[in-house]
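Biologist: I would like a close look at a single part of this protein, one sheet and what lies around it. Please go through it step by step, in words a first-year student can follow.

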Amino acid sequence: MAAKVSSSLSSSLSKPTPFPLTPSQTPLSFSPKTLPKPFSSSSPTKTASLSYTHKTPFIASAKTPISDFFPENKQYPDGDFDGYDDYFRDDDEKPREECGVVGIYGDPEASRLCYLALHALQHRGQEGAGIVAVKNDVLQSITGVGLVSEVFNQSKLDQLPGDLAIGHVRYSTAGSSMLKNVQPFVAGYRFGSVGVAHNGNLVNYRALRAKLEDNGSIFNTSSDTEVVLHLIAISKHRPFLLRIVDACEQLEGAYSMVFVTNDKLVAVRDPHGFRPLVMGRRSNGAVVFASETCALDLIEATYEREVFPGEVLVVDKDGIQSLCLMSHPQPKQCIFEHIYFALPNSVVFGRSVYESRRAFGEILATEAPVDCDVVIAVPDSGVVAALGYAAKAGVAFQQGLIRSHYVGRTFIEPSQKIRDFGVKLKLSPVRAVLEGKRVVVVDDSIVRGTTSSKIVRLIKEAGAKEVHMRIASPPIIGSCYYGVDTPSSEELISNRMSVEEIREFIGSDSLAFLPFDSLKKLLGTESPNFCYACFSGKYPVEPREIKVKRVGDFVDDGLNGSLESIDGGWVQANTNQKKEKDKEYEESVVKI
């Protein structure tokens, strides 16, 4: 494999085509035979797809088999208040994005721009933040637990001089966030030092780590990112670029990464392009990489294009080199970026997130209409879809639920128990909007269903005559292995119940999801380029292992032992995977 890597890249490296580090009217180009063209938000299929005749209510027919990995007597919340644990179940009801990354080359205030860009990406991770800056060939790192504004201040940013920097915000899935797990990671090896920030999840993490440990590698964290650093360090290739390519060829799953050395900034995206990564440029010529375009907007960088699936971009004093990481299949970009994760003002996978969500709402109004007096949203992620629903239905949109943005992880609970305490801390109904009204409530998704049931009850207690739930995504029936923290399939309510059963569970007068076929019709010719595994149970990269590491890190400080002995960090893999893959995988080896 090493020989293959060297030969496949020799021609590209022998004739690099550097791009100037100055503003240009000509967009950066890349070979059309190796890279897909990002789809345009102005696709003509978008408008046509919104004209539908009324259909019967959408019913989720696909079901993922319930495995025996979880106890059969597991009890699901019935919506009653369970105290402190109930609050955190509410908080974890939505799928969570693992992290956001940013990289900047060629600006004298690189670390401060990183700090601002991470602010813009704060929604992608709130439990830890870090920045690595380069000055005089030395990598300086500052990381911390908490929000970006809590980790960094003026004095800390003063310790990060230089015109080259990368940054990261993270979310962990279990336990408290530990400082040792906060990225970017920095490591030294025999040819220098490297820093890396990673967004995604590797489905072959366990096997890669086991083989590395068999050959003497020592791990300090449970992060996928540490595996990548080990693979780079043991690579036999001398140029740093080839070491990255050598490492990435052994990875399976989702990864959008930025690397920094003493003189280079490197951006890499996996061949399927699961997680987003974009490139922009500031007026002084500085090159910026970020998970979303909203980060570019804040630091006044102009969006140029995506980092294409399977692409490696290297930025140094000679310009920008663009190389194909490896031959790659059809892109499988995460549709949930448009449904929930990304900010509405971002452009993700070449398409406006705002326009996508508004179209989702319009489809719901067309295909699942209901007589109503007012349309409200579950803030903040349901707002744009609710606007689309209201406009299409010709009904007023009003702010029927007010979200508190000041609820922290600590609160003083009264001795007299309060029903639905966790939801009431965050959402307050507006009685003047709801009382005596037939209300349509638009939300982005339903995961376990516990929060939805409490929201319905909250609205009815405020005097609503009827409550009709409209969900701007298809039913979620499968866990994600590609960088989204979702519960196991057994905990997903749409995997256990029909739409009518869910309606009864949450207590609404009607319930409708965004039809899966209508979602794909909206995307038009670009529909095959998206990953729908959470809706269909069909995975573009099937795990070959029985268990897959959950997103984030689960090994707390002070806990040491085999990975299997530390509970809570694994989810059951897809049971439909082909058995012949197991034999193929056993024959694979990590190159040492």
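Modeller: What follows goes from the whole chain to the sheet, then to its strands, and ends with some places elsewhere in the chain.

The model is predicted. The protein chain has 592 residues, of which 59% count as buried. Its secondary structure consists of 21 helices and 27 strands. Take the contacts between residues at least 6 apart in sequence: 74% of them join residues at least 24 apart.

Now the sheet. It is open and has six strands, in the order β6-β7-β8-β9-β13-β14, with antiparallel pairing. The edges are taken by β6 (185-189) and β14 (319-324); each has a single partner strand, so one side of each is left without a neighbour in the sheet. On average, neighbouring strands of this sheet are turned by 20° against each other, direction ignored. As background, the strands of a sheet pair through backbone hydrogen bonds, and the pairing is either parallel or antiparallel.

Strand β8 deserves attention within this order. It runs over residues 253-260. Eight of its eight residues are buried, so β8 is largely enclosed by the rest of the structure. To be buried, a residue must have under 20% relative accessible area. In the sheet order, β8 stands between β7 and β9.

Consider the β7 side of β8 before the β9 side. β7 and β8 pair in the antiparallel sense over eight bridges. One pair of partners here is Gly200 and Tyr255, the latter in β8. On the other side, β8 and β9 (residues 265-269) are also antiparallel, and this pairing has five bridges. Met257 has Val268 of β9 as its bridge partner, and Val258 stands opposite Ala267, also in β9. The connection from β8 to β9 is a hairpin through four residues. In a regular strand, side chains alternate between the two faces of the sheet.

A helix also belongs to this picture. α8 packs on the sheet and touches β6, β7 (192-202) and β8; the direction of α8 makes about 135° with that of β7.

Just after α8 comes a loop that is worth following. Ser235 has its place there, between α8 (224-234) and α9 (240-248). Ser235 has 2% relative accessibility and therefore counts as buried. Apart from neighbours within four places in sequence, Ser235 is in contact with Arg190, Arg243 and Asp246. With Asp246 there is a polar contact between the two side chains, at 2.7 Å. The residue range of α9 ends at 248, and Cys248 is buried, with a relative accessible area of 0%. Another cysteine, Cys294, is buried at 4% relative accessibility. A search of the whole structure finds zero disulfides.

The start of the sheet has a backbone feature beside it. Pro184 lies in the loop between β5 (164-170) and β6. The peptide bond that leads from Gln183 to Pro184 is cis, with omega near 5°. A cis peptide bond also runs from Pro379 to Asp380, with omega near 0°. Asp380 is in the loop between β18 (374-377) and α13 (383-393).

Two other loop residues have a positive phi. Asn136 is not a glycine, yet its phi is about 55°. It is found between β3 (128-135) and β4 (138-145), and Asn136 is exposed, with a relative accessible area of 65%. Phe349 also has a positive phi, near 55°, and lies in the loop between β16 (347-348) and β17 (351-352). Phe349, however, is buried, with a relative accessible area of 1%.

Last, a helix later in the chain. The buried residues of α18 (residues 499-506) are Val499, Ile502 and Ile506. Seen down the helix axis, these buried residues fall within an arc of 60°, so they line one face of α18. They pack against α16 (450-461), β22 (466-471), α17 (493-496) and β24 (510-513). After α18 comes Gly507, with a positive phi near 85°.

Definitions and conventions: Residues are numbered from 1 along each chain as its sequence is written. This is a predicted model: local features need pLDDT of at least 70, side-chain atom pairs count only at pLDDT 80 or more; totals for chains, interfaces and linings use all residues. Side-chain values use heavy atoms; hydrogens and water are left out. Buried means under 20% relative accessible area, exposed over 50%, partly exposed in between (1.4 Å probe, protein chains only). A polar contact is a pair of N or O atoms within 3.5 Å; within protein, one must be able to donate a hydrogen and the other to accept it, and residues adjacent in sequence count only if both atoms are side-chain atoms. Contact means heavy atoms within 4.5 Å. A disulfide is a pair of cysteine sulfur atoms within 2.5 Å. The arc is that of the directions from the helix axis to the C-beta atoms. Two strands pair if DSSP finds at least two bridges between them. Axes are lines fitted to C-alpha atoms, for helices over the stretch in contact, and angles run from 0 to 180 degrees between N-to-C directions.
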